[in-house]
Amino acid sequence: MSEQPLYQDPQGKMIDRFPNPHEDLDYQIELQAEMFSVLDPESGKPCYANLNFGYFPGEWCVEHPSLALYLLSYRQERMSMEMAIGRIAKDFAEEVDPNQLRLEATFVSRDGIAAKLVVPWPSPDEEEDDEFDQEDLRE
């Protein structure tokens, strides 16, 4: 019997969803993921962050354990924090299809510099564009 590795290549399809039990209500779900990590592409050292997801569900809600495993899969990935957070926001938006999403990532200070990345979805520019197509998000 072969065991699957704990850390797999992060893929949006790892994020599961379930039907929104209150689709008739306009409400926000807030989730916090502490100590997310990704490896710096240059040094290979881990970069740690606390992630805050705030989303208004549409037809679907995210299944929390699957989101946790998806985030854990980044632990062995070498990529910039900007690349990782952008990819997480896109995967979340693609799989869960929220009415609105805001992902905030606060990275722990390294070398005296802390970073905070904020990804709103749809972006303010996209909200103004009546012809916005979600296919653009997946590119």
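**View 1. The largest nonpolar core, with Phe36 among its best-connected residues.** In this predicted model, the largest nonpolar core runs to 31 residues, and Phe36, Leu51, Phe53 and Ile88 have the most contacts inside it. The elements giving two or more residues to this core are strands E2 (29–39), E3 (46–56), E4 (60–62), E5 (100–110) and E6 (113–121), along with helices H1 (64–72) and H2 (81–96). H2 puts in the largest share, seven residues. Who sits around Phe36, once its neighbours within four places in sequence are left aside? Phe36 touches Cys47, Tyr48, Ala49, Leu51, Leu71, Tyr74, Ala84, Ile85 and Ile88. As a rule, nonpolar side chains in soluble globular proteins tend to be buried together.

**View 2. The whole chain, for orientation.** Three helices and six strands make up the secondary structure, and they come in the order β-β-β-β-α-α-β-β-α along the sequence. Of the 139 residues, 35% count as buried. Take the contacts with a separation of 6 or more: 67% of them are between residues 24 or more positions apart. The protein exposes about 8800 Å², with carbon and sulfur atoms supplying 47% of that area.

**View 3. Tyr55 meets Phe92.** The structure holds four aromatic pairs, and here is one of them: the ring centres of Tyr55 and Phe92 are 5.1 Å apart with the planes at 70 degrees, so this pair is edge-to-face. Tyr55 sits in strand E3 and Phe92 in helix H2, so the pair ties together parts 37 residues apart in sequence. Are these two rings' residues buried or exposed? Tyr55 is buried at 0% relative accessibility, and Phe92 is buried with a relative accessible area of 0% as well. Setting aside its neighbours within four places in sequence, Tyr55 has contacts that include Tyr27, Leu31, Trp60, Val62, Phe92, Val96, Pro98 and Leu101. For a backbone yardstick, take Tyr55 and Ala93: they are 38 residues apart in sequence, and their C-alpha atoms are 9.6 Å apart in space.

**View 4. More rings, and a charge over one of them.** Phe36 turns up again here, since ring pairs link Phe36, Tyr70 and Tyr74 into a cluster. Elsewhere, Trp60 has the charged end of Arg17 sitting over its ring, 3.9 Å from the ring centre.

**View 5. The E5–E6 hairpin.** E5 and E6 pair in the antiparallel sense, with eight bridges. To find your place on the ladder, look for Phe107, whose bridge partner in E6 is Ala115. Two residues lie between the strands of this hairpin, and Asp111 in the turn has a positive phi of about 60 degrees.

**View 6. Backbone oddities worth a zoom.** Met35 is not a glycine, yet its phi is positive, at about 60 degrees. Met35 belongs to strand E2 and, at 43% relative accessibility, counts as partly exposed. Asp97, also not a glycine, has a positive phi of about 50 degrees. Look for Asp97 in the loop between H2 and E5, where this residue is partly exposed with a relative accessible area of 32%. Which way round is the peptide bond from Trp121 to Pro122, cis or trans? The bond is cis, with omega near -5 degrees, and Pro122 lies in the loop between E6 and helix H3 (124–128).

How values were computed:
Residues are numbered from 1 along each chain as its sequence is written. This is a predicted model: local features need pLDDT of at least 70, side-chain atom pairs count only at pLDDT 80 or more; totals for chains, interfaces and linings use all residues. Side-chain values use heavy atoms; hydrogens and water are left out. A nonpolar core is a set of buried Ala, Val, Leu, Ile, Met, Phe, Trp, Tyr and Cys residues joined through side-chain atoms within 4.5 Å. Buried means under 20% relative accessible area, exposed over 50%, partly exposed in between (1.4 Å probe, protein chains only). Helices (H or I, at least four residues) and strands (E, at least two) are DSSP runs, numbered from the N terminus. Contact means heavy atoms within 4.5 Å. Accessible areas come from the Shrake-Rupley method with a 1.4 Å probe; for residues, only the protein chains shown count as cover. Two strands pair if DSSP finds at least two bridges between them. Rings of Phe, Tyr and Trp (its six-membered ring) pair if their centres lie within 6.5 Å; planes under 30 degrees apart count as stacked, over 60 as edge-to-face and the rest as tilted. A charge sits over a ring if NZ of Lys or CZ of Arg is within 6 Å of the ring centre and within 35 degrees of the ring normal.
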